[in-house]
Amino acid sequence: MAEIYRSVHAAGAVAAAENERGEMLRRAGRPGEAAGHFERALAALGVVGDPDPGTHSAILNNLALTAYQQRDFDRARRCLVRSLEVGPLVGDPVGRAITYDNLAVVEVELARAAAPDPDRARARVRLGEAETYFAAAERLFRSVLPEGVDDYLRSVLNRVDAAEMRGDTEAMDRLTRHAAEVAGHGAVAPENALEAATMRGSFLHRRRNRPRAAVELMTARLPALLPDCPAERSAAALVVLLAAAGATGDPALVRDVTTRITEIGGEPGPGGPAPDPRKGPAGTGPKNTAKTTARR
């Protein structure tokens with residue numbers, strides 16, 4: 001009996017170590033190598049007669065992320081569905097919520113791939129599936145908030161992307177407003193808080209024709225967030241801010257915003273309307289801002 005216990009314990013330790021190595025490689029942008037470690041983690045669990053369902057579920061979730069990074073969305077979906085099947089029904093609501101959110105993000109990508117069809121029927125079905133998974137994630141997150149509030153915000157931001165694909169402006173309004181509110185929680189990562197402010201500011205300017213409100217929101221939030229955020233995210237936020245200021249038609253406000261940007265170390269760029277950061281270079285399609293989340 002002691003020998004069996006030691007064997008099971010060793011297999012669990014190997015699985016945990018391989019999962020950690022895989023996650024390090026995945027975050028380093030090496031999904032192919034990461035997948036090998038996640039698969040070895042699953043193999044280690046395979047020698048255990050009754051593996052811990054939470055660990056098993058987390059490894060499958062992380063294996064799905066490597067498939068997502070490699071744009072193998074069908075495989076990512078299969079891994080996530082399996083993750084939900086083997087995971088605990090209770091005891092890890094945040095982990096299950098993350099998996100539901102990741103599954104929704106994958107469905108959005110599958111909808112994006114199906115969108116060129118003339119009738120868009122497959123895309124609509126995929127977006128409907130995504131909304132079902134987002135709703136399941138929201139119920140689980142809300143049951144334990146403020147635990148997992150940063151992951152919850154990430155889910156709300158991902159949901160905005162799906163609403164935009166559906167052309168549902170009212171949902172975008174509700175979700176971006178809620179995201180901006182949640183972003184004020186102290187446990188939210190600066191990058192996610194910045195994206196929430198950027199999305200809300202862009203929505204107010206582009207969709208509601210309220211550029212001054214966008215400027216007010218973003219000038220209140222950005223100074224505290226930009227120093228702790230990646231340059232690309234900071235630049236996207238500043239583009240939205242300057243574009244909204246220019247749209248007000250108020251030269252004094254534009255000068256004030258430009259001065260503020262300079263003071264916080266940004267580069268406002270040339271005057272005049274700025275491009276929407278959710279778009280790529282001229283002539284390209286929308287840039288997806290959704291993110292999947294790892295589980296440990």
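**Exercise 1. Disulfides and two cysteines**

Task: Determine how many disulfides this predicted model holds, and decide whether Cys79 and Cys229 are buried or exposed.

Solution.
Step 1. The structure contains zero disulfides.
Step 2. A residue counts as buried when its relative accessible area is under 20%.
Step 3. The relative accessibility of Cys79 is 10%, so Cys79 is buried.
Step 4. For Cys229 the value is 12%, and therefore Cys229 is buried.

**Exercise 2. The span of helix α3**

Task: Establish what span helix α3 should have, and what distance separates its end C-alpha atoms.

Solution.
Step 1. Helix α3 covers residues 53-69, which gives 17 residues.
Step 2. The expected span is 1.5 Å times one less than the number of residues.
Step 3. The helix should therefore span 24 Å.
Step 4. The end C-alpha atoms lie 25 Å apart, in agreement with the expected value.
Step 5. As to surroundings, α3 is mostly covered, with 14 of its 17 residues buried.

**Exercise 3. Backbone angles in the loops**

Task: State where Arg71 and Asn209 lie, what their phi angles are, and whether each is buried or exposed.

Solution.
Step 1. Arg71 comes just after α3, in the loop between α3 and α4 (73-86).
Step 2. The phi of Arg71 is near 65 degrees, a positive value in a residue other than glycine.
Step 3. Exposed means a relative accessible area over 50%. Arg71 has 57%, so Arg71 is exposed.
Step 4. Asn209 belongs to the loop between α9 (190-206) and α10 (211-225). Its phi is positive, about 55 degrees, although Asn209 is not a glycine.
Step 5. With a relative accessibility of 63%, Asn209 counts as exposed.

**Exercise 4. A cis peptide bond**

Task: Identify which residues the cis peptide bond joins, and in which loop Pro146 is found.

Solution.
Step 1. The cis bond connects Leu145 and Pro146, with an omega of about 10 degrees.
Step 2. Pro146 is located in the loop between α6 (121-144) and α7 (149-166).

**Exercise 5. A salt bridge within one helix**

Task: Explain why residues three places apart in an α-helix point the same way, and describe the pair Glu23 and Arg26.

Solution.
Step 1. An α-helix has 3.6 residues a turn, so residues three or four places apart point the same way.
Step 2. Glu23 and Arg26 are both part of helix α1 (residues 2-27), three residues apart, about one turn of the helix.
Step 3. The two residues form a salt bridge, with their closest N and O atoms 2.9 Å apart.
Step 4. Glu23 has a relative accessible area of 3% and is therefore buried. Arg26, at 8%, also counts as buried.

**Exercise 6. Other salt bridges**

Task: State how many salt bridges the structure has, and characterise the pairs Arg30 with Glu33 and Arg208 with Asp173.

Solution.
Step 1. The count comes to 26 salt bridges.
Step 2. The side chains of Arg30 and Glu33 meet at 2.7 Å, N to O. Arg30 is partly exposed at 39%, and Glu33 is partly exposed at 40%.
Step 3. In the bridge between Arg208 and Asp173, the closest N and O atoms are 3.2 Å apart. This pair links distant parts of the chain: Arg208 lies in the loop between α9 and α10, and Asp173 in helix α8 (residues 169-182), 35 residues apart.
Step 4. Arg208 is partly exposed, with 28% relative accessible area, whereas Asp173 is buried, with 10%.
Step 5. A network of salt bridges links Glu131, Glu138, Arg142, Arg159, Arg166 and Asp168.

Terms used: Residues are numbered from 1 along each chain as its sequence is written. This is a predicted model: local features need pLDDT of at least 70, side-chain atom pairs count only at pLDDT 80 or more; totals for chains, interfaces and linings use all residues. Side-chain values use heavy atoms; hydrogens and water are left out. Helices (H or I, at least four residues) and strands (E, at least two) are DSSP runs, numbered from the N terminus. Buried means under 20% relative accessible area, exposed over 50%, partly exposed in between (1.4 Å probe, protein chains only). A disulfide is a pair of cysteine sulfur atoms within 2.5 Å. A salt bridge is a side-chain nitrogen of Lys or Arg within 4 Å of a carboxyl oxygen of Asp or Glu.
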